[in-house]
Amino acid sequence: MSFNQALEIIMQISSRLERIKSSPSSMAGQRARELRAQGRDIVSLTSGEPDFDTPEHIREAAYRAMNDGQTRYTDVGGTSALREAVRQKFRRENGLDYEINETIIGTGAKQIIFNAIMSTVNSGDEVIVPAPYWVSYPDITLLAEGNPVIVTTSASNGFKLQPQELEQAISARTKWLILNGPNNPSGANYTKAELQALGEVLLHYPHVMVLTDDIYEHLLYDDRRFHTIAQVVPELKDRTLTLNGVSKAYAMTGWRIGYAGAPAALIKTMIKLQSQSTSNPSSVSQAAALAALTGPQDFVAASRKRFQARRDLIVDALNSIDGITCARPEGAFYVFPSCRDLFGAMLPDGTKLQNSEQWVLHLLDAQDLAVLQGSAYGIDDHFRISFAASDEKLREGCRRIAAARDQLR
Ligand SMILES: Cc1ncc(COP(=O)(O)O)c(C=O)c1O
């Protein structure tokens with residue numbers, strides 16, 4: 001056997017891993033960096049993170065923690081100080097009462113989703129994922145050998161799951177419903193009445209658990225009030241995992257701290273899984289997250305205001321481009337415009353434009369603009385633009401979109 005043959009056998013990836021793909025947002029960011037390294041003037045509007053620095057008092061808390069020796073293992077599920085702060089946060093902001101053993105701290109909200117799905121989903125179990133969806137939900141489900149049941153919501157319903165759509169998607173194998181509002185990528189957010197209507201359906205199906213991903217809670221615009229399902233339908237609290245984190249609200253994506261409240265039995269299995277993967281989240285990051293949750297909150301309101309102004313800038317600019325229609329997102333920092341009206345036109349290489357992937361490749365090739373195809377989020381006639389970028393970059397991005405449209409025949 002040659003060395004290369006031996007290497008091929010050693011490197012064979014598991015069938016479990018073959019079911020999933022790398023996150024398209026990371027891949028697009030990588031591609032933009034490569035092109036930039038080749039000297040091209042790439043404008044990238046793919047970022048899934050605030051472009052602000054973590055507030056100073058949070059960074060200071062991290063320095064203090066390091067200097068005070070908080071550099072050792074903590075409890076796997078998080079320090080008791082941070083779990084208590086999470087408990088207080090849920091009570092203060094969401095009217096939800098969780099005990100300490102009903103909370104968990106993870107290495108990002110992503111790890112918490114991973115823990116929850118991995119520790120509950122058996123082969124063939126179903127997870128209902130409304131589309132458009134954040135890219136990781138289906139892939140984590142696949143990794144757990146579950147089946148994502150994608151329910152395509154419609155733009156005319158503001159990309160919100162309707163009660164009858166939910167009811168049709170539920171089967172005897174349904175394990176979870178995943179809700180996410182404000183939504184990545186559409187910005188849609190469920191009102192109290194909408195959550196109540198979904199809750200009414202769920203009350204008929206006691207075997208279905210709900211994972212609500214509230215990570216964009218604080219980035220909700222036009223004075224809208226945020227609601228989460230366990231608060232609105234208290235009967236569902238004992239089968240709901242309320243997920244949140246500090247990444248988006250406090251510009252802390254790199255610190256990797258997410259948290260959740262859920263029934264104690266579920267939390268216990270999630271901590272068991274975490275104990276055999278990463279153990280505790282970084283001790284220093286936990287100290288920083290504690291400062292974020294318990295310290296001054298003015299950063300949150302200030303960044304919400306800045307993002308709202310950017311949202312308005314980009315929505316107005318996009319809607320002035322022929323062939324592009326863009327709804328005004330209620331929250332998060334993405335717009336999800338439609339490119340459907342451009343389909344059927346001819347690309348510069350003579351092929352017919354038929355899907356969002358061709359459109360974003362054209363934007364990259366012809367105009368050095370990186371955005372993400374809607375197909376990555378389960379909706380093929382839209383594309384995602386992040387407005388976590390400066391006004392100049394947003395204006396330049398829209399100018400390039402208009403120029404790319406003008407290159408179609
Ligand atoms: C909807 C949604 N949930 C979870 C996450 C992951 O957050 P974290 O950085 O806490 O892992 C993201 C990040 O983009 C997201 O958009």
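Ala, Val, Leu, Ile, Met, Phe, Trp, Tyr, Cys and Pro count here as nonpolar, Asp, Glu, Lys and Arg as charged, and the others, Gly among them, as polar. By that scheme the shell around the ligand divides into five nonpolar, four polar and four charged residues. The model is predicted, and the values below are computed from it.

The ligand is a convenient place to start. It is surrounded by 13 residues, and the closest are Ala109, Asp213, Ser247, Lys248 and Arg256. Among the secondary-structure elements, helix H6, which spans residues 108–118, gives the most to this shell, with three residues. The space that the ligand takes is the largest pocket.

Several polar contacts can be followed from the oxygen atoms of the ligand. An oxygen atom of the ligand is 2.6 Å from an N or O atom in the side chain of Lys248. For Asn184, the side chain again supplies the N or O atom, and the distance to a ligand oxygen is 2.8 Å. At Ala109 the partner is a polar backbone atom, 2.7 Å from an oxygen atom of the ligand. On its own, the ligand has 400 Å² of accessible area, and the protein covers 92% of it.

Asn184 also leads to the backbone geometry. The peptide bond from Asn184 to Pro185 is cis, with omega near 20°. Pro185 is placed in the loop between E5 and H9. Another cis peptide bond runs from Gly181 to Pro182, with omega near -15°. Pro182 lies in the loop between strand E5 (174–180) and helix H9 (192–203). As background, most peptide bonds are trans, and most residues other than glycine have a negative phi. Ser279 has a positive phi of about 60° although it is not a glycine. The loop that holds Ser279 lies between helix H11 (264–275) and helix H12 (283–294).

Aromatic side chains give another view of the fold. The structure holds 13 aromatic pairs. One of them joins Tyr216 and Phe333 in an edge-to-face arrangement, with 5.5 Å from centre to centre and 85° between the planes. This pair links distant parts of the chain, as its two residues are 117 residues apart. Tyr216 is in the loop between strand E6 (209–213) and helix H10 (229–232), while Phe333 is in the loop between helix H13 (298–319) and strand E9 (334–335).

Definitions and conventions:
Residues are numbered from 1 along each chain as its sequence is written. This is a predicted model: local features need pLDDT of at least 70, side-chain atom pairs count only at pLDDT 80 or more; totals for chains, interfaces and linings use all residues. Side-chain values use heavy atoms; hydrogens and water are left out. A residue is near a molecule or strand if one of its heavy atoms lies within 4 Å of it. A polar contact is a pair of N or O atoms within 3.5 Å; within protein, one must be able to donate a hydrogen and the other to accept it, and residues adjacent in sequence count only if both atoms are side-chain atoms. Accessible areas come from the Shrake-Rupley method with a 1.4 Å probe; for residues, only the protein chains shown count as cover. On a 1 Å grid over the protein atoms alone, a cavity is a set of points where a 1.4 Å probe fits but cannot get out, and a pocket is an open set with protein on both sides within 12 Å along at least five of seven lines; lining residues have an atom within 4 Å of a point. A molecule sits in a cavity or pocket if more than half of its atoms lie within 2 Å of its grid points. Helices (H or I, at least four residues) and strands (E, at least two) are DSSP runs, numbered from the N terminus. Rings of Phe, Tyr and Trp (its six-membered ring) pair if their centres lie within 6.5 Å; planes under 30 degrees apart count as stacked, over 60 as edge-to-face and the rest as tilted.
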